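Me: I am new to this structure and would like to learn how to read its features one at a time. Could you show me the model and then take me through it slowly?

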Amino acid sequence: GHFSICQERTVRGTEGGTLTVNCGYGRGWESYKKWWCRGRNKNSCRILVKTAGTDQLVKKDRASIQDNRSQRSFTVTLEGLQRDDADTYWCGIERTGEDLGYKISVIVDPAPDPTDFPKPVARSTLASRTSSFPLTQAITSNQPVTLINPNGR
């Protein structure tokens with residue numbers, strides 16, 4: 001086909017998280033509309049979102065799609081993953097005749113149960129202190145080291 005990646009792909013997401021899938025395509029398909037749909041069969045699946053043939057982000061409910069025509073790939077996203085989002089999806093290109101489609105199996109892993117992970121006091125202090133900073137700042141400051149190692153060495 002005209003997709004640069006032709007084999008079926010399986011992608012995993014975690015409940016409550018965001019799933020992102022990249023779909024590449026060949027030269028000449030840049031101005032065509034791209035779509036993302038759900039269902040076992042490409043010809044009868046339910047279209048979640050579709051581009052207008054431009055690079056503009058299109059968002060509908062929890063799904064969004066954005067074409068990057070210079071890179072010849074488009075990205076589809078599904079936010080706020082739920083267990084029943086696990087299904088067969090397709091990313092495709094709308095054209096005369098049969099649309100080009102590329103199959104994606106989505107697996108949604110259950111969210112980790114917070115009660116399974118008892119947190120030591122030092123760890124939770126660290127999280128609350130540094131949560132308002134970007135990660136890099138937390139790493140470069142000496143604060144986490146002191147908190148993790150309260151006794152010095």
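## Reading the core, the disulfides and the sheet

Reply: Let us begin with the core, keeping in mind that this is a predicted model. The largest nonpolar core has 23 residues, and those that touch the most other members are Val21, Trp36, Phe74 and Ile104. Two or more residues come from each of the elements β2 (19-24), β4 (46-50), β6 (63-68), β7, β8 and β9 (100-109), and the element that gives the most is β9, with five residues.

Me: What is Val21 in contact with, leaving aside its neighbours within four places in sequence?

Reply: A contact is counted when heavy atoms lie within 4.5 Å. By that reading, Val21 is in contact with Arg9, Val11, Trp36, Phe74, Thr75, Val76 and Ile104.

Me: How many disulfides are there, and which cysteines form them?

Reply: A disulfide is read from the distance between two cysteine sulfur atoms, which must be within 2.5 Å. The count by this rule is two disulfides. In one, the sulfur atoms of Cys23 and Cys91 are 2.0 Å apart, and this pair links distant parts of the chain, since Cys23 lies in strand β2 and Cys91 in strand β8, 68 residues apart. The other joins Cys37 to Cys45, with an S to S distance of 1.9 Å. When the bonded cysteines are numbered in sequence order, the pairing reads 1-4, 2-3.

Me: Why is the disulfide of Cys23 and Cys91 called left-handed?

Reply: The torsion about the S-S bond of Cys23 and Cys91 is about -110°, so this disulfide is left-handed. The link of Cys37 and Cys45 is left-handed too, with -65° about its S-S bond.

Me: Are Cys23 and Cys45 buried or exposed?

Reply: Residues under 20% relative accessible area count as buried. Cys23 is buried because its relative accessibility is 0%, and Cys91 is likewise buried at 0%. For the other disulfide, Cys37 counts as buried at 0%, while Cys45 is buried with a relative accessible area of 14%.

Me: In what order do the strands of the open sheet lie?

Reply: A sheet is read by following which strands pair with one another. Five strands form this open sheet in the order β1-β9-β8-β3-β4, and their pairing is mixed. Because β1 (9-14) and β4 stand at the edges with a single partner strand each, one side of each is left without a neighbour in the sheet. From one strand to the next, the twist averages 30°. Strand β3 (residues 34-38) and β4 run antiparallel and are joined by four bridges, and Trp36 stands opposite Val49 in β4.

Me: Where is Trp90 found, and what does its side chain reach?

Reply: Trp90 is in strand β8 (residues 87-93), and it counts as buried because its relative accessibility is 11%. Its side chain reaches the backbone oxygen of Gly39 at 2.9 Å. Although Trp90 and Cys37 are 53 residues apart in sequence, their C-alpha atoms are 5.3 Å apart in space. Leaving aside neighbours within four places in sequence, the contacts of Trp90 include Trp36, Cys37, Cys45 and Tyr102.

Me: Is Thr77 buried or exposed, and which strand holds Thr77?

Reply: Thr77 is buried, because its relative accessibility is 15%, and its strand is β7 (residues 73-78). Beyond its neighbours within four places in sequence, Thr77 is in contact with residues including Thr18, Leu19, Trp36 and Arg62.

Notes: Residues numbered from 1 in each chain as written. Predicted model: local features only at pLDDT ≥ 70, side-chain atom pairs only at ≥ 80, totals over all residues. Heavy atoms only, no water. Buried < 20%, exposed > 50% of the residue type's maximum accessible area, 1.4 Å probe, protein only. Polar contact = N/O pair within 3.5 Å; in protein donor to acceptor, adjacent residues only side chain to side chain. Core = buried A, V, L, I, M, F, W, Y, C linked by side-chain atoms within 4.5 Å. Pairing = 2+ DSSP bridges. Axes fitted to C-alpha atoms, helices over the stretch in contact; angles between N-to-C directions.
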